[in-house]
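User: I would like to learn how to read individual features of a model with care. Could we take them one at a time, with the general idea before the case?

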Amino acid sequence: MNKHKMIPEKGVPSNSRVLMLFGQLEKLNRESMLVDPEIARQITAKILHLIQTQEKTRKEIVSKGSSGMEVILATLEVFVCVSLSVPGGGRRIGVFVSKGGTGILLQLVISASKESPPSEEVMLQLHSVLAKVGQKDRKFGVKARLNGALNVTVNLLKQNLQNYKLLLPCLLVLQVYSSNTVNAVSLGKNGVVELMFKIIGPYSKKNTSLLKVSLDTLGALLKSKTNAQRAVVHVPVLLYIYQDWHRNDTRHRHILIRKGILSCLKNITNIKLGRKAFIDADGMRILYNTSTECLSVRTLDPLINTSSLIMRKCFPKNRLPLPTIKSVFHHQLLHVPAGGPVAQLYNQPLGMDDVVDESDNNEEAEAENDMENEVEEKDHHAGNDDIETDINKLRPKETHSRPFEELKIYERFFMELSEDFQVMQYTFKGVTATPAAPKSHRPIIVPTAQALPPKTPTAAPLQGDRTHPGAGQPPILAGGVAARLGGEGEEMLEGVLHVPDTALLLPLHDPDLYVEMVKSTSSVPQFSEVAYPDYFGHVAPTSREHILERVYGVQRTKIFQDIERLIHPNDILDKVVYDLDIQSCPVVDGGESLKFNSQFESGNLRKAVQVRKFEYDLVLNSDINSNHYHQWFYFEVSGMRVGAPYRFNIINCEKSNSQFNYGMQVLMYSVQEAISGRPRWVRTGTDICYYKNHFSRSSIAAGGQKGKSYYTMTFSMTFNHKDDVCYFAYHYPYTYSTLKMHLQKLEALRTPQTYLREDVLCETLGGNSCPLLTITAMPESTSNDQICQFRNRPLVFLSSRVHPGETNASWVMKGTLEFLMGSSPLAHSLREAYIFKIVPMLNPDGVVNGNHRCSLSGEDLNRQWQNPSPELHPTIYHTKSLLQYLAAIQRAPLVFCDYHGHSRKKNVFMYGCSLKETVWETNISATSCELHEDLGYRTLPKILSQMAPAFSLASCSFVVERSKEATARVVVWREIGVQRSYTMESTLCGCDQGKYKGLQIGTRELEEMGAQFCVALLRLKRLTSPLKLRNHAHLLDVESDLTETRCKGSSTYLLEDEEASFMEEVDYSAESGDEPDNDPNTADPHDNHLSDSESNNYRDSLT
Ligand SMILES: [Zn+2]
């Protein structure tokens, strides 16, 4: 630019002063304005003055042939460049923009375009400046469209395709225009997509910056679906040039160009036609091969990641290999409420395919899919949508729905409140104390017994030692282990199986008693086998189990292996090796495949398909009488090869993220290890990750949402022992029969000072008893005072395991029960302080039948507390009745706590209920100042955080959510009036704070948590005793904590709902910030004004 001379050849004789000024300015441009921008400012000010005051001068400058305008623009350009290059200079451009600079420049473009032919130099300079200013003006695209500048640039481009000097600045401006979606659609209609395909091309060392800008512009244009449709025919071209660049750019100098091509493909494949074109053009193989070749170069990761995303999106959706997604097992309910989940599920039209529905294949599904990411984002961040804002729903609810007469029948569960102990002999009459008659005459067998090789010793040692021949059962207990040992065993020389004496290590465990308990457990599938881990028991390992560090690129490797299924279909075996849907499970040939089994209490595995020699796809069963809730698994594997690298994929997971992405491992129990004296569940598995897969979810299974996919949880594993039998589980199993065994053993530990009563609260739908425990201390004497103290102890009400998949809740409960029944002075004080009412397993049927979340009614029992049905939700109905009875006799518990497990967060924490904190969250400030609320609900979590290393106060929340209004915690708080009503959530994964930071949680820590909960209750007792109630330092602490949280304005509720998505996670949907496609075809064509939504929607994509 600087080469122009100021020689006004035409027109009136020039004003020498202006000429001189222009000369100075041009000289300045040529040298550097950086040196002294002030001089340039002075010169331009003088020019401006002359222009404003002298009509003649103005005409002269803008007249054709004068280069005055060019010099001004050049100055502006230098100004902009300088501004962009100095710190804080952006603000200067900001001022330029805010003073209407963009508008003036665009106006100049229009004026310049009216000259014929337009001055190339002026256009060049204008576009150079616009390209830079445009990036700083959020409304640039809108202004340009309204101004009419869009077409000027496009026409200029069309006419100058060979003029590279002009092309680049115009393309740069076009790129900025295209980032506005309305512009993108309009430009597409004007042929700009086609235009870009004329510029981009195969590998060349020339004009690479031009190519880069064209690709970026094209990429931006293709975010519009109508533009993507226009580009579908060019998919083969894009793939061709991508390969060309891949081959020739050997020194990886043009990664951005290669990425640009992929971005175009990524956007085109957002539409179904694009995906089809991609598959037809052999895109899968091309991107797979190029990516594989890139794997060794770390800097090429962006290319691999984008390729992977495109391939996953285009991977044809498969149906799950199932005849129906409804649970394999069906339990006929006596009473099926019309409109309830079970009626809905089983009244579907005959012949309807619930595995995949038509809706998954249309374009609407795609739109939904695009939105999915956003919806999930909202779930992550905007949880406060769920906060209860109806103040009336937060205030205590007076329920007169149940007359006392009706509740009076519950008196029998509270004998301790009327007991006079005139006869100090009292007997334990438990559910399990007198062994119930076996529910069925099925033989009880340990599962692997069936798989015995013929050389099984005739007298299996287990049998003789362990079973009671007179029990009326055919003695089919596990000889299998002995047989398996036969191959290896020094231990077996004498033919004696050394069964670990877990009874010594585990005071509450007894294999024989366990088998007895199993006999009276009713299951829908009528299980007849017993899993070894439940039989032998689990002794927590002493070694630490660290949270697994994620290996870089694991997910990518796994996904590529999945893509290989499509690329190399001949390598895929697709051999069904286990299938509950087929009555006769397939017979497995010797040695080529693993054997699976899940037909025992709490077992869950529906199907296993051998995909490759050492890889298996596993399908989980839905909760009974439902078609989803796949999360819990527990199954047996045998027939493994030592040292072989097995890969297992659970392919029908539903949650959008999982702790398996954050260091959680699966649990494994090896029978060989157990009989070698290490009976234990261990955290195991490598290369674990969790990602969205190519199995489509029917809308029926996705709550009406179309186009959703399942997720894969994958782990790898090598087995150490030949002829082993291994079990895998989501978390440490804890069966209903285990609970019954523990209760019996606890009863046996009872000292005369302990009052323990076990009642049957009710029978479940599946015919199992729901135990209710009462634990307190016996009165010291039968004196009136002592009896009075005994009867008036405050009550603590605990429950657990309403969600069967949250087995950790049972381990915490075990810790609580063991502590409570213990002989320590603390335990004794605690028993003297309170009467404990405990329902240790609110959902026995769900636990027995391997459900994850529901009971046999196909419903989540922790959403039924508002209006439980005695027929459908008996355990909830009667537990609530107990609480209602207590409220009616003015003995509502001091503390209510329901133990749960949490699958998405680390540590142990509590949810409580606070009216005030909920109101704060909702910002209804008007009423909050009038609310008076005792802060007592914070005391227990505060105490726990001081003493229990796994417990994290920061993760606690006391906000009442709408979605939780029918949970135990909220209903007991609101309807029963228990201020300290909690859910205690224990992580399934591990801790990220405190003493256990970096470790996965084990049964020892969970049991410890249960015991510490008891100790915390003792401290609470001291704090709440009338003498100490006032001015207690700890309570003041609580108050100040509360104020701190409040001041920071950072309630944990909003901050710590869940871990962020794993950075490596790839999603199918389009860019998460994608804007809706404002196609003018559908919008009002006359609407030329800048609408609010448009200006709000503007996205500054270039900063
Ligand atoms: Zn739960």
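What follows is a dialogue about a metal site, an annotated residue, a sheet and a cysteine.

Analyst: This is a predicted model, in which local features need pLDDT of at least 70 and side-chain atom pairs count only at pLDDT 80 or more, while totals for chains, interfaces and linings use all residues. Residues are numbered from 1 along each chain as its sequence is written, and side-chain values use heavy atoms, with hydrogens and water left out.

User: Which atoms coordinate the zinc ion?

Analyst: Donors are N, O and S atoms within 2.8 Å of the metal (3.2 Å for Na, K and Ca), and since water is not among the atoms, sites may look incomplete. Here the zinc ion is coordinated at 2.1 to 2.3 Å by ND1 of H803, by E806 through OE, listed twice, and by ND1 of H900. Along the chain these donors follow the spacing H-x2-E-x93-H. E806 sits in the loop between β14 (795-800) and α33 (807-820), whereas H900 belongs to strand β16 (residues 895-902), 94 residues apart.

User: Why is the arrangement of the four donor atoms irregular?

Analyst: Four donors count as tetrahedral if all angles lie between 85 and 135 degrees; four count as square planar and six as octahedral if opposite donors are over 155 degrees apart and all others between 65 and 115; anything else is irregular. The angles at this zinc ion run from 58 to 151°, and the arrangement is therefore irregular.

User: Which residue does the UniProt annotation "active site" cover?

Analyst: Such annotations may be inferred rather than shown by experiment. In this case the unreviewed UniProt entry places "active site" on E985, a residue of strand β18 (residues 980-987). Contact means heavy atoms within 4.5 Å, and, leaving aside neighbours within four places in sequence, the contacts of E985 include H900, H902 and Y911.

User: Is E985 buried or exposed?

Analyst: Buried means under 20% relative accessible area, exposed over 50%, partly exposed in between (1.4 Å probe, protein chains only). E985 has a relative accessible area of 9% and so is buried; E806 and H900 are buried too.

User: In what order do the five strands of the open sheet run?

Analyst: Strands of a sheet pair through backbone hydrogen bonds, either parallel or antiparallel. Two strands pair if DSSP finds at least two bridges between them, and strands are DSSP runs (E, at least two residues), numbered from the N terminus. Here the order is β2-β5-β11-β7-β8, with antiparallel pairing. The edge strands, each pairing on one side only, are β2 (595-597) and β8 (681-684).

User: Where is C294 found?

Analyst: C294 lies in helix α18 (residues 283-294), a helix being a DSSP run (H or I) of at least four residues. Its C-alpha is 9.0 Å from that of H246, 48 residues apart in sequence.
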